[in-house]
2 protein chains.
Amino acid sequence: MASSLAPLVLLILKRQESYGYQIIQELKDKTEGELQVAEGTLYPVLKKMEAKGWISGDWKKVESGRERRYYNLTDKGRHELDAQFSQLNYINELINKLWNLPTSTSTNPFKLTSM
Amino acid sequence: MASSLAPLVLLILKRQESYGYQIIQELKDKTEGELQVAEGTLYPVLKKMEAKGWISGDWKKVESGRERRYYNLTDKGRHELDAQFSQLNYINELINKLWNLPTSTSTNPFKLTSM
DNA sequence: TTGCTTTACTTAGAACTTCTAGGTATGTTT
DNA sequence: AAACATACCTAGAAGTTCTAAGTAAAGCAA
């Protein structure tokens with residue numbers, strides 16, 4: 001799912017610049033191989049994110065001579081990251097509202113807190 | 001987004017049976033009008049969820065004489081609800097992993113806890 | 001009793017998203 | 001030199017989503 005990929009990419013790039021291939025490796029490593037994003041899935045997402053102004057890419061020649069396109073989070077991307085997390089919180093509040101109705105006797109299913 | 005609609009519908013039906021039109025009203029009410037799901041959006045989602053066996057629908061004639069299709073959560077739907085929340089937790093753990101890396105000095109962005 | 005509003009459900013297909021499956025090219029290891 | 005890993009790209013098939021249209025019955029106000 002490419003739509004859930006964007007926020008993860010934003011998070012990764014918030015820490016430090018990276019490039020497509022590395023992002024795929026990182027997602028794979030951090031999930032013990034569970035999240036195997038195909039290259040053909042990620043690259044179009046990166047291009048789209050760049051088109052939206054969330055990230056900016058730069059070609060860099062590394063010591064080996066190989067070219068890599070390094071992406072950085074833009075200010076707009078930082079705002080988008082905030083927006084996507086607000087959205088997450090919004091959905092969570094809705095879930096809690098739907099869960100905590102008069103007839104319900106159960107406790108909250110989940111709590112999402114900002115720290 | 002229809003994919004985010006399914007878990008909300010599952011949550012609603014977990015509480016009690018309902019029908020399309022009412023589900024739309026409930027989502028609208030609980031979000032102070034922010035989540036206005038079009039009928040053409042919800043009904044196909046309900047049909048798809050029924051096809052997947054998550055919910056089962058029954059036509060009922062209410063006192064006024066009008067017909068409504070009431071949906072109930074099936075056992076499969078209950079499992080699906082659990083699965084979708086596990087998925088949510090999984091994504092959250094991933095987010096925390098991506099956030100809490102050696103070079104990062106910040107605190108957790110969010111914490112999702114089961115209660 | 002006519003017309004307007006609300007309730008209640010349906011569907012075709014346009015518009016959009018996603019990803020498979022192919023490709024290119026360079027560096028590294030065997 | 002062959003095989004493998006790195007690194008990126010894209011057409012278009014396949015799938016999803018939702019707009020915009022429709023049907024029809026009940027309630028209500030004029």
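Guide: Hello! A helix here is a DSSP run of H or I at least four residues long, and helices are numbered from the N terminus. Please keep in mind that this is a predicted model.

Visitor: Which residue just after α2(B) takes a positive phi?

Guide: Helix α2 of chain B covers residues 20-30, so look just beyond that run of the helix. There, with a positive phi of about 50°, you will find B:E32.

Visitor: Do the buried residues of α2(B) line one face of the helix or several, and what arc do they fall within?

Guide: Start with the residues themselves: B:G20, B:I23, B:E26 and B:L27 are the buried ones. An α-helix has 3.6 residues a turn, so residues three or four places apart point the same way. Looking down the axis of α2(B), we see the buried residues line one face, because they fall within an arc of 120°.

Visitor: Which residues are exposed on the other side of α2(B)?

Guide: The buried side has its cover, which includes α1, β1, α3 and β3 of chain B. Turn to the other side of α2(B), and the exposed residues there are B:Q25 and B:D29.

Visitor: Let's move to chain A. In what order do the 3 strands of the open sheet stand?

Guide: Two of them, β1 (18-19) and β2 (55-61) of chain A, stand at the edges with a single partner strand each, so one side of each has no neighbour in the sheet. The pairing is antiparallel, and the order is β1-β3-β2.

Visitor: Which residue in β3(A) stands opposite A:Y19?

Guide: Strand β1(A) is joined by 2 bridges to β3 (residues 67-73) of chain A, and the two run antiparallel. Across from A:Y19, in β3(A), stands A:Y70.

Visitor: What angle does the direction of helix α1 of chain A make with that of β3(A)?

Guide: Helix α1 (residues 5-15) packs on the sheet and touches β1, β2 and β3 of chain A. Its direction and that of β3(A) make an angle of about 95°.

Visitor: Now the DNA! Which residues come nearest to DNA strand D?

Guide: The surface near strand D has 8 nonpolar, 8 polar and 6 charged residues. Of the 22 residues around this strand, the nearest are A:G20, A:G40, B:S3, B:G40 and B:G65.

Visitor: And which elements give two or more residues to the surface near DNA strand C?

Guide: Strand C is surrounded by 22 residues, with A:S3, A:G40, A:G65, B:G20 and B:G40 the closest. The elements giving two or more residues to this surface are α3 of chain A and, from chain B, α2, α3 and β3.

Conventions. Residues are numbered from 1 along each chain as its sequence is written. Chains are lettered from A and ligands numbered from 1 in the order in which they are written. This is a predicted model: local features need pLDDT of at least 70, side-chain atom pairs count only at pLDDT 80 or more; totals for chains, interfaces and linings use all residues. Two strands pair if DSSP finds at least two bridges between them. Two residues are in contact if their C-beta atoms, placed from the backbone, lie within 7 Å. Axes are lines fitted to C-alpha atoms, for helices over the stretch in contact, and angles run from 0 to 180 degrees between N-to-C directions. A residue is near a molecule or strand if its C-beta atom, placed from the backbone, lies within 6 Å of it. Ala, Val, Leu, Ile, Met, Phe, Trp, Tyr, Cys and Pro count as nonpolar, Asp, Glu, Lys and Arg as charged, and the others, Gly among them, as polar. A residue is buried if 20 or more other C-beta atoms lie within 10 Å of its own, exposed if 12 or fewer, and partly exposed in between; C-beta atoms are placed from the backbone. The arc is that of the directions from the helix axis to the C-beta atoms.
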